[in-house]
Every structure is written in structure tokens, then in C-alpha cells.
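Trainee: Could you take me through one part of this model in close detail? I would like to see how a few neighbouring helices pack together, residue by residue.

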Amino acid sequence: MLNLRAFSHFVSSGFVMCGILAGALLLAPCALWADDTLLLANGQSISGYLLRPLEKDADFYPFRNSDGVEFSIPSEFVSSIERSAAEVKEYEKLLQITPDTVAGNWRLAEWCDKNGEKARQKIHCERIIELDPDHEEARRELGYRRMIDGVWRTPDEELAAQGRVRYKGRVISIQEKRALESQAAQRSEVVKMTRNIARWTADIGTSRDQEARDQLRGVRSPIAVPGLLAALEKEKRVAARRELILALGRVGTPEAISPLLQLSIEDPSEDLRLTCLDIIKNHKSKFVTEYYISRLSPKKGLNSHINLAAYALGELGDASAVPALIDALETIHKAQIKTGGNPGQTSAGMGSSGSSSVGGLSMGSSVKIISQAKSNPEALAALKKLTGQNFGYDKARWREWHQRQHSSDQSIKIR
């Protein structure tokens, strides 16, 4: 099969592959007048004229270009053919002498079909079925089929009658098509917004700083969330990150607020952690409380993270966190202890839940895993704030008090 890229190369360099029909290049001694134009699928065009009338569903087009080169090009490489002025004149002459009847329009439709004038053929077939709605040949040329109920319909009309349509190579319901189009439009808006957010973020700290901040402060739509999160993930500057965090807060959807939970504990900047928490306090929910409770576990992170989660729970003011805070008054953390090596040398590092790890072992050294109990002052502070009580780090007294409160509350409800 002829390669289109290779064929285009031959065309652009003045040589055209031939011989599919002719068998050789026949160079005319002089250029010929170009009346027809082949428009190729790759966007190029070739001027010249067809060597024989067009045939319906032809596999090849025999052609002579304006340089006199004869060749045959596979029809799959041709998007359309612009016919010669002489042929147009012939059609116009036939149109003038042919009566506007079913038979006359059918003769013109057949001439158009033979000469590749598909657009004009359609016009004449449409005129025929205006004059004779049951003209079978014209109907079939226009893609109609006679359905079981005896009515002529195109396949698309039949699908429409069933509430279905063709969409990107599939047959689906009209409702599904509308949903897919809506999703596609939304994706397009998300892509556009993401690009804008990336540009505005990059402009912070430049001569366009104020304009960029104003644009970000005007963001309210949920379609901005993917772009805001993408920019936040890449951005290192505190000032720019703060604008992105505030924008997520203004959007205010669960998808916008959820990422701020992790940032309120793990962001290196205290200012940004507090900014996130201020936003979250305006979006209190069971999910938010449960997230911070989950971060009270030493398995989820550093001891500092536990204290930050406890502080957040105190700020939220949700008393349902009291039992978890009691458990978090003191937590057990595992640490690695390296012994041996140089005489008298012992070094320690935190395990998977710690902030550091043991370096390479020296000759004769060994590692032990030990458990360390650590008090969490922010858990105590949160308990004081939520209950108005202070039993220090005595978990037993806190649990006893909480049990009494719980029993008292149950008694009141029963009454």
C-alpha cells in the first residue's frame, strides 16, 4: 500500500508515484492547463485533470498533473475533488434544458453521481422525493430505509424515534449524549481554569502580582479545585501557597476543604497550618472531627502531629473527641537504638513514626527497638477547653469523670 507521507514527499518534490495503473512516469514535453484539483487527506493539493470520468466507489483516481506526470492515486488518500470549469458549465447547460420533473431530476442526479458531484446529487434526490415521496432509488441514495411500519426513515431518524443517537462511534440514549457533552464541556472548563491558575500563581511576586492575587481571590467555582490543588502541589513559596489555600477555602466544597486537613498538620509553615485550620473551623463536620481523631494515633505520624491534631480538636469544640483525646494524653512511640561500634558509643533514631532513622551500622554494632512514652500537652489543653476539667495526665481519672458524665446524660434522656 502506498504510504501517504512518502506520496506527499514525491508530490512536494515534483515527482509523483505512478505505475499503479500506468506503470511508469510519462513526462509531457510541456505543462498542461490545470482544470481539476485533488485535495489530499494530508492537506496538500494537486492541480491537473482526471484522465477518465469519475466512477462511484472507485479505488484509484487516474490523474495527470500540471507538469504532465500521469499517475494513479488510491482514493483513500483523496479527501475531495474540485472539478473543472468545463464540467461545471456542462452541468449548468444540462440544468437549463432538463425539466423539473421526477425523471428530469433523476437524470441530473445520475450525471452528478457519475461525475463526482455528490452535493448536487443530493439536491436533486431531495427534489425528487418532494415530487414523489415513495421514489425508492432517490430515497436509498439519501440513506433512507423503509421501516417495518412502512415509513421511510434514515438510520439516524430511526434511532431518534427510539430516543437514541450516534455519538463518537457508539449508539447511546439522548440523555446519555447530553450528559457526555456536559462532562466534556466541564472538562474543557477545568483545563482552561487550570492553565489560568498556573499563570496567576507564577505571576505572584512579579510586576503582575496584584492582578494575579485579584484573579485568584475572585475564584469561587468548584471547577477550579483541580487547578488549585495542582498549583499547590508544585508551589514552594509561602505567599503563593497562602493565596491558593485561601482560594480553596472560598470554593468551600468538600473536595476543596479535604486537602486542607492534611496541610493543617503537615505543612512546614505554621502560618499556613493556622490558615488552613481557620478555614476548616468554618466547615465543621463529623468527617473533619474523625480525621483529626485519626491523626492522634502514633502510627499515623510524629509526636508533633499528634499535638497539632489535638490542638485542632480543641479549636473545633466537638465534645465527641473527648475519649480519643484522653487516650492521646500519653502515647507510645517506637525508637531504634544502635549500640556497639566505638567504645561507649550509643545512638538513637526514631522508627517509622519518628522524624529520623539510624544511619549505617558500624562493625560490631546492633539495633534495638525500644518503646518510649510521651506526654502530649496539646491533648491536655484540648480536654481542658472542651470539658472545663483538669485531671492532668491521669487517664484513669479522666475516664472515670467521662463515664460519670455519660451516665448522667443517659439518665437525663431516660427521664
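Mentor: Happy to; what follows is a walk around helix α8 and the helices beside it, with a short stop at a strand residue at the end. Please keep in mind that this is a predicted model.

Let's begin with α8 itself, which spans residues 209–217. Its buried residues are Asp209, Ala212, Arg213 and Leu216. Looking down the axis of α8, you find these buried residues within an arc of 95 degrees, so they line one face of the helix. As for partners, the buried residues of α8 pack against α7, α9 and α10.

Take α10 next, which covers residues 238–251. The axes of α8 and α10 come within 9 Å and cross at roughly 25 degrees. Because angles under 35 degrees count as roughly parallel, α8 is roughly parallel to α10. On the α8 side, the contact is made by Arg213, Leu216 and Arg217; α10 brings Ala239, Glu243, Leu244, Ala247 and Arg250. Sorted by class, this contact holds four nonpolar and four charged residues, with no polar ones. Arg213 and Leu216 belong to the contact with α10, and both are also listed among the buried residues of α8.

Now to α7, residues 174–203, where Thr201 is a good residue to inspect. Thr201 has 3% relative accessibility, so it counts as buried; the cut-off for that label is under 20%. Setting aside residues up to four places away in sequence, Thr201 touches Leu216, Ala231, Glu235, Arg237, Ala240 and Leu244. Two of these names are familiar: Leu216 of α8 and Leu244 of α10 also take part in the contact between those two helices.

From α9 (residues 225–234) we can step across to α11 (residues 254–266). Their axes come within 9 Å and cross at roughly 20 degrees, so α9 and α11 are roughly parallel to each other. The crossing of α9 past α11 is left-handed. Val225, Leu229 and Leu232 make the contact from α9, while Glu255, Ala256, Pro259 and Leu263 do so from α11. By class, that gives six nonpolar residues, one charged and no polar.

Finally, here is the strand residue I promised. Arg170 lies in strand β9, residues 170–173. With 43% relative accessibility, Arg170 counts as partly exposed. Leaving out neighbours within four places in sequence, Arg170 is in contact with Val165, Glu176 and Leu180.

Conventions: Residues numbered from 1 in each chain as written. Predicted model: local features only at pLDDT ≥ 70, side-chain atom pairs only at ≥ 80, totals over all residues. Heavy atoms only, no water. Helix = DSSP H or I, 4+ residues; strand = E, 2+ residues; numbered from the N terminus. Buried < 20%, exposed > 50% of the residue type's maximum accessible area, 1.4 Å probe, protein only. Contact = heavy atoms within 4.5 Å. Axes fitted to C-alpha atoms, helices over the stretch in contact; angles between N-to-C directions. Parallel < 35°, antiparallel > 145°, perpendicular 65-115°, else oblique. Nonpolar A, V, L, I, M, F, W, Y, C, P; charged D, E, K, R; others polar. Left-handed = near helix turned anticlockwise from the far one by under 90°. Arc of directions from axis to C-beta.
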